[in-house]
Amino acid sequence: MNDGLKGGLLATRKALGQRIVPVRKRMKLKRFAIRLISLPRAFAIWTKYLRSPKYILPGGLELNVKLSLPELQLLLLDGWYHDFEIFGIKTGMLHPNQRCKQGALFALIDRAVSICREYGSLVRGVELFCADGYYANCAIRSGASEMYGIDIDNYYITKARIITKVLGNSVKVRFDCRDVFDLKDTFDFCICAGGLYHLSNPHELLRLLATKIRVALIIQTVYSLKNMSSSYFESPAPGWAHGCRFSLRYLVQMVKDTGWTILSESTNQLEGNMRLEDRGSVYLLCVPAR
Ligand SMILES: C[S@@+](CC[C@H](N)C(=O)[O-])C[C@H]1O[C@@H](n2cnc3c(N)ncnc32)[C@H](O)[C@@H]1O
């Protein structure tokens, strides 16, 4: 079968599947099935862990907080967005996109925290689109005093709270399941990674952040390597029912137009994404335009 025909059939099957069981519902069913299947193994590990106070997690970290059976199950057996190996917990395979993104993000988080310190010793940050709270915990490691994580997916927020407890950061990091536009408080710095392209109106979020973030904004986002025009912005994103896609030049102008000065810019490619539309990845450190 030629590739075009195979692609067409796959797309039809996917479209039909999505109509019968919507994507979110299918994801929920899949997560439920994984939890059900993994329950006996989780129970066995949990009883062992109750008997022995020293339980060493895959990755080498000693588990020294009390967890309930569902918490232990979610920690050990279910899929994670990130691998927490740098903290001593091997939560899964290191995804190629995490490998491509995290070096640049660690450097920007370090820089943002140190710029914030010039304004005071207490550094409060927010991570938008936080999923399992990986970068919020990384910010604590980089010296942030407090972090607040937001994501609309309650499953990831639950996992974020569990791993944060295991890492001993629960007092410093809290999470809420809410939309990024529902940001109430103000913060010294913000990590906005893997998120702008999920919105149909990223301009509005950047404008909102200009009223909420006092010192530094870190942006990482996908951009299109297929359309490089400075006017390229499209919503929904190509092949998606939501989100948007833009060129690098469009993004840079949008960031400037919404009240930010860019201090540093770097790019690379997301090796886990095949399509040119999804492969560009940019890392910006911004401060409020004065
Ligand atoms: C690609 S993941 C990013 C994870 C992490 N920040 C990173 O860069 O590795 C995108 C996350 O954004 C969340 N998300 C999408 N739209 C959102 C919205 N409007 N408000 C809050 N979270 C949202 C999704 O649930 C998902 O967990």
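Helices and strands are taken here as DSSP runs numbered from the N terminus, helices having at least four residues and strands at least two. In these terms Gly259 has its place in the loop between α8 and β10, and the description below rests on a predicted model.

The protein chain comprises eight helices and eleven strands. Its radius of gyration is 20 Å, close to the 19 Å that the globule rule gives for 290 residues, so the chain is as compact as a globular protein of that length. The C-alpha trace extends over about 65 × 60 × 30 Å along its principal axes. Of the 290 residues in the protein chain, 36% are buried. Among contacts with a separation of 6 or more, 68% are accounted for by residues 24 or more positions apart.

Helix α5, which covers residues 134–141, has seven of its eight residues buried, so it is largely enclosed by the rest of the structure. The buried residues of α5 are Tyr134, Tyr135, Ala136, Asn137, Cys138, Ala139 and Ile140. Their packing partners include two helices, α4 and α6, together with the strands β3 (124–128), β4 (146–151), β5 (173–177) and β6 (187–193). Just after α5, Gly143 adopts a positive phi of about 110°.

The loop between β3 and α5 holds two residues with backbone conformations that merit separate description, namely Phe129 and Ala131. Most residues other than glycine have a negative phi, and most peptide bonds are trans. Phe129, although not a glycine, has a positive phi of about 55°, and Ala131, likewise not a glycine, has a positive phi of about 50°. Phe129 has 24 other C-beta atoms within 10 Å and is therefore buried, the cut-off being 20 or more. Ala131, with 22 C-beta neighbours inside 10 Å, counts as buried by that criterion. A further backbone feature is found at the peptide bond from Ser235 to Pro236, which is cis, with omega near -5°; Pro236 lies in the loop between β8 and β9.

Helix α8 (residues 248–257) presents Tyr250, Leu251 and Val255 as its buried residues. These cover an arc of only 130° around the axis, which puts them on the same side of α8. The elements against which the buried residues of α8 pack are the helix α7 (202–212) and the strands β7 (213–223), β8 (233–234), β9 (245–246), β10 (260–269) and β11 (280–288).

After α8 comes Gly259, with a positive phi near 105°. Gly259 has 17 C-beta neighbours inside 10 Å and so counts as partly exposed, a class that lies between the limits of 12 or fewer for exposed and 20 or more for buried. When residues up to four places away in sequence are not counted, Gly259 touches Arg207, Ala210, Pro288 and Ala289. The C-alpha atom of Gly259 is separated by 9.0 Å from that of Leu209, although the two residues are 50 residues apart along the chain.

Two packed helices are described by the angle between their axes and the distance between the axes. For helix α3 (residues 69–76) and helix α6 (residues 154–166), the axes come within 10 Å and cross at roughly 95°, and α3 and α6 are therefore roughly perpendicular to each other. On the side of α3 the contact is made by Glu71, Leu74 and Leu75, and on the side of α6 by Thr158, Lys159, Ile162, Ile163 and Val166. By residue class, the contact of α3 with α6 divides into five nonpolar, one polar and two charged residues.

A second glycine outside the helices, Gly79, is found in the loop between α3 and α4 (96–117). With 12 C-beta neighbours inside 10 Å, Gly79 counts as exposed, since that class takes in residues with 12 or fewer. The C-alpha atoms of Gly79 and Ile34 are separated by 8.9 Å, while the two residues are 45 residues apart along the chain.

How values were computed: Residues are numbered from 1 along each chain as its sequence is written. This is a predicted model: local features need pLDDT of at least 70, side-chain atom pairs count only at pLDDT 80 or more; totals for chains, interfaces and linings use all residues. The arc is that of the directions from the helix axis to the C-beta atoms. Two residues are in contact if their C-beta atoms, placed from the backbone, lie within 7 Å. Axes are lines fitted to C-alpha atoms, for helices over the stretch in contact, and angles run from 0 to 180 degrees between N-to-C directions. Angles under 35 degrees count as roughly parallel, over 145 as roughly antiparallel, 65 to 115 as roughly perpendicular and the rest as oblique. Ala, Val, Leu, Ile, Met, Phe, Trp, Tyr, Cys and Pro count as nonpolar, Asp, Glu, Lys and Arg as charged, and the others, Gly among them, as polar. The radius of gyration is taken over C-alpha atoms; the globule rule is 2.2 Å times the number of residues to the power 0.38.
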